[in-house]
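Trainee: I would like to take a close look at a single part of this model, and to hear it described in one connected account. Could you go through it slowly once the structure is in front of us?

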Amino acid sequence: MQNILIVEDDMDIQELLREFLKEAGYEVTSASDGIEAMDLFVKNKYDLILLDIMLPKIDGFGVCELIRKQSQIPIIMLTALGGEEEQIRGLDLQVDDYITKPFSVPILIRKIAAVLRRSSRTQEEGHKAIEYQNLSLNLDNYTATVDGTAYELTQREFEVLRELLTHQGRIMTRQNLLDKLWRYDFYGDERVVDTHIKNLRKKLGIEFIQTVRGVGYKIDKEN
């Protein structure tokens, strides 16, 4: 049974999420502040974290930053802050999805299932890799190796890079990537794709992802 950690200080929302997730077949653990969340995370193994932003002691951004220093566990951020700035900050911290309050519980359940499916599918692909110049993208985890140095990627970063590498020479529009990778569980600006490309370039120090102005992105075929 997959185990989800809920980090939410509103006890009504926390209890609501607990009940619906248990009904959906998940094992559930909950925390009410950032320190408790980190303590539970260090001591236990979880498959996914639902993380509120407005938390006592350590806010959700701080918790996410601490977790990302040691793990690429899927994180879905929950928040009443629906502004673009907050969403971009969450994406820069490598969250896997973002949903604003008030939210539909059935949609949230489907988002959780989608993220977990992607995580499971990637783990089952076996020890394979896509090679391109000085990059090796490992398909059995979210690791990219550049010049011998390994970097962990979020699910979405991994999927975006994999799509570009498996369609070398083809322009992938932002809408292409949204339709294929985000599907029905995306509500927002297509510039979310730009944020993931920026993160990949910065994290890996690669220059071969080309911007096709006003359209999307591409990687040239290797000769």
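At what angle do helix α6 and helix α7 pack, and how far apart are their axes?

Mentor: Bearing in mind that this is a predicted model, helix α6, which covers residues 155-166, and helix α7, which covers residues 174-182, pack at an angle of about 125°, and their axes are 11 Å apart. Since angles over 145 degrees count as roughly antiparallel and those from 65 to 115 as roughly perpendicular, that angle makes α6 oblique to α7. The crossing of these two helices, α6 and α7, is right-handed. On the α6 side the contact is made by Arg156, Glu159, Val160 and Glu163, which meet Leu177, Lys180, Leu181 and Trp182 of α7. Sorted by character, the residues of this contact between α6 and α7 comprise four nonpolar and four charged, with no polar residue.

From α7 one can continue to helix α8, because the axes of α7 and α8 come within 9 Å and cross at roughly 90°, and the two helices are therefore roughly perpendicular to each other. Here Arg174, Leu177, Leu178 and Trp182 of α7 meet Val192, Val193, Asp194 and His196 of α8, and the residues of this contact divide into five nonpolar, one polar and two charged. Leu177 and Trp182 thus appear in the contact of α7 with α6 and also in the contact of α7 with α8.

Helix α8 itself, residues 192-204, has 13 residues and spans 18 Å between its first C-alpha and its last, close to the 18 Å expected at 1.5 Å a residue. Its buried residues are Val192, Val193, Thr195, His196, Ile197, Asn199, Leu200, Lys203 and Leu204, and among these Val192, Val193 and His196 also take part in the contact with α7. After α8 comes Gly205, with a positive phi near 65°.

For a setting in which to place these helices, consider helix α3, residues 60-68, where seven of the nine residues are buried, so that α3 is largely enclosed by the rest of the structure. The buried residues there are Gly60, Phe61, Gly62, Val63, Cys64, Ile67 and Arg68, and they pack against α2 (34-43), β3 (48-52), β4 (75-79) and α4 (84-92). Leu17, in helix α1, is likewise buried, with a relative accessible area of 2%. Leaving aside neighbours within four places in sequence, Leu17 is in contact with Ile6, Leu50, Leu78, Phe103 and Leu108, while its C-alpha atom is separated by 7.8 Å from that of Val105, which is 88 residues away along the chain.

The backbone deserves a look as well. Most residues other than glycine have a negative phi, and most peptide bonds are trans. Lys57, in the loop between β3 and α3, has a positive phi of about 70° although it is not a glycine, and Lys57 is exposed, with a relative accessible area of 65%. Asp147, in the loop between β8 (143-146) and β9 (149-152), also has a positive phi, near 50°, and is exposed, with a relative accessible area of 60%. The peptide bond from Lys101 to Pro102, finally, is cis, with omega near -5°, and Pro102 is found in the loop between β5 (97-100) and α5 (105-124).

Key
Residues numbered from 1 in each chain as written. Predicted model: local features only at pLDDT ≥ 70, side-chain atom pairs only at ≥ 80, totals over all residues. Heavy atoms only, no water. Axes fitted to C-alpha atoms, helices over the stretch in contact; angles between N-to-C directions. Helix = DSSP H or I, 4+ residues; strand = E, 2+ residues; numbered from the N terminus. Parallel < 35°, antiparallel > 145°, perpendicular 65-115°, else oblique. Left-handed = near helix turned anticlockwise from the far one by under 90°. Contact = heavy atoms within 4.5 Å. Nonpolar A, V, L, I, M, F, W, Y, C, P; charged D, E, K, R; others polar. Expected span 1.5 Å × (residues − 1). Buried < 20%, exposed > 50% of the residue type's maximum accessible area, 1.4 Å probe, protein only.
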